[in-house]
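Q: Hey, I'm new to this one. Can you walk me through it in plain words?
A: Sure, here it is.

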Amino acid sequence: MSGFNHLGEFTDAALERDFLAEDWVPARKRMRFICLVTSVLYLFAALADYGELGPGPAFRLLLCARSGVFLFGLVCYGFLCRREKPNHYQNVLLCGYMSAIMACECLELGLKASYAGPMSIPGTVFIVLAYYLFIPPRLFVPLVAGVGGTVAYLTTLFLATPAPASSALSTALFFALANLFGIYYMVNFGRSRRREFQSMRQLREQADFDDLTGVCNRRRTLEAGEALFVSARRYETPFSVLMLDVDRFKQINDRYGHAAGDAVLRELATRCRNHLREVDVFGRLGGEEFAALLPHSGLVQARTVAERIRSAVCTEPFMDGKTRIQATVSIGVQTMIPEEDERFSSLLRRADNELYQAKQSGRNRVFPPAGDASGPASKN
């Protein structure tokens, strides 16, 4: 498995991006919840302010601050509702929103200096702790707001209130515990979520790819073929299939051993993929039989690709240690005919028939051969 850095994130940047993208849906729900709930509750807390401060300038100033936090929270909520993929903008907004809450907390502390004391601690400490619990698993966002807000709050407490030293130290201890617990939770929770993500990803890969060759397995190849076939019919684009089979593969196993046969299959898969595009799909259907799915390719282009693959296989021996093994492939080529092919299985069956013809015609060849004008498929 990939390693983790000191923040509990993947050291592999690409893997970290994939994790954040997959985790975005549940993370976005958490963030929308915390933004909406905190903004509404924070505004309604003005009722308590009125009871403590009365209808004077201090109350109006604090009400304006709470209203600003409320609007900021709604902006974040709306942004998260529209954002389908994660990027750095939501981190900037959330960090700003949390910093605005802590700034308002500091203002409230200064305006209510006579009320400052142990009873005012739990609410603000909970806000700091909530940063770590509800923000998506990237530590630096709540860390900036949590630690920065803590420093600002304690500075205000020490300089702007008559709180005794013992009370101030107790408050500092509560904040320190909240931040330490939050950091510990985020690092370990984030690392656990990432381990789970990596394990599930490996399971999916094992379910989709052939263990021996690393290419798509039969199930994944057929699923991809069906999807490409439906897309080609819908948008009226060409779609071709190559069916490949290693010639006399049983003789290779009998003569050189199954380990050598496996080595041939692995190297053959590599050579085939080297002559395919990124949009093409290459898979192992079973044994020594493979299929290549070529979207946006007609019969002429598909036959050209097939000839390149055939040549790449037969011109250079396969190596198993110091043993040189000569192998060839026969390839059947077919392209989709909308009037005849209602399903991908029909196209695959016609390509398999062409593979049979290539075998019957002497092996180590592509069928139909170049210049064959028989059948409507040759018109593509």
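A: A starting point: a disulfide here is a pair of cysteine sulfur atoms within 2.5 Å. And keep in mind that this is a predicted model.

Q: Okay, so how many disulfides does a search of the whole structure find?
A: The count is 0 across the whole structure. Take Cys-95, which is in no disulfide: the nearest cysteine sulfur belongs to Cys-76 and is 11 Å away.

Q: And is Cys-95 buried or exposed?
A: Cys-95 is buried, with a relative accessible area of 17%.

Q: What about Cys-272, which cysteine sulfur is closest to its own?
A: That would be the sulfur of Cys-314, but at 12 Å the two are too far apart for a bond. Cys-272 counts as buried too, at 0% relative accessibility.

Q: Switching topic: what order do the strands of the open sheet come in?
A: The sheet has 5 strands, ordered β2-β3-β1-β6-β7, and the pairing is mixed.

Q: Which strands stand at the edges?
A: β2 and β7 do. Each has a single partner strand, so one side of each has no neighbour in the sheet.

Q: What packs on the sheet?
A: Helix α12 does, touching β1, β3, β6 and β7. The direction of α12 makes about 170° with that of β6.

Q: Remind me what holds strands together in general?
A: Strands of a sheet pair through backbone hydrogen bonds, and they can run parallel or antiparallel.

Q: So in which sense do β6 and β7 pair?
A: Parallel, over 2 bridges, with β6 covering residues 329-335. As an example, Ile-331 has Val-366 in β7 as its bridge partner.

Q: And β2 with β3, in which sense?
A: Those two are antiparallel, with 5 bridges. Phe-282 stands opposite Ala-292 in β3. The two strands form a hairpin with 2 residues between them, and Gly-287 in that turn has a positive phi of about 60°.

Q: How many residues of β2 are buried?
A: In β2, residues 281-286, 5 of the 6 are buried, so the strand is largely enclosed by the rest of the structure.

Q: Can we zoom in on Arg-284? Where is it, and is it buried or exposed?
A: Arg-284 sits in strand β2. At 15% relative accessibility, Arg-284 counts as buried.

Q: Which side chain does the side chain of Arg-284 make a polar contact with?
A: The partner is the side chain of Asp-210, at 3.2 Å. Leaving aside residues up to four places away in sequence, Arg-284 also touches a list of others, including Leu-212, Thr-213, Leu-265, Glu-289 and Phe-290.

Q: Moving to helices. Which residues of α1 are buried?
A: Helix α1 spans residues 13-22, and its buried residues are Leu-15, Glu-16, Phe-19 and Leu-20. Seen down the axis of α1, they fall within an arc of 135°, so they line one face of the helix.

Q: What happens at the start of α1?
A: A side-chain oxygen of Asp-12 comes to within 3.0 Å of the backbone nitrogen of Ala-14.

Q: What about Glu-267, where does that one lie?
A: Glu-267 is part of helix α11, residues 258-274. Glu-267 counts as partly exposed, at 33% relative accessibility. Its C-alpha atom is separated by 9.2 Å from that of Val-313, and these two residues are 46 residues apart along the chain.

Q: Now backbone oddities. Which residues does the cis peptide bond join?
A: Phe-367 and Pro-368, with omega at about 5°. Pro-368 lies in the segment after β7, the strand at 366-367.

Q: And what is phi for Glu-236?
A: Near 55°, which is a positive value in a residue other than glycine. Glu-236 is in the loop between α9 and β1. With a relative accessible area of 73%, Glu-236 is exposed.

Q: Last one: what is phi for His-296, and where is that residue found?
A: Phi of His-296 is near 60°, a positive value in a residue other than glycine. His-296 is found in the loop between β3 and α12, and His-296 counts as exposed at 55% relative accessibility.

How values were computed: Residues numbered from 1 in each chain as written. Predicted model: local features only at pLDDT ≥ 70, side-chain atom pairs only at ≥ 80, totals over all residues. Heavy atoms only, no water. Buried < 20%, exposed > 50% of the residue type's maximum accessible area, 1.4 Å probe, protein only. Helix = DSSP H or I, 4+ residues; strand = E, 2+ residues; numbered from the N terminus. Arc of directions from axis to C-beta. Polar contact = N/O pair within 3.5 Å; in protein donor to acceptor, adjacent residues only side chain to side chain. Pairing = 2+ DSSP bridges. Contact = heavy atoms within 4.5 Å. Axes fitted to C-alpha atoms, helices over the stretch in contact; angles between N-to-C directions.
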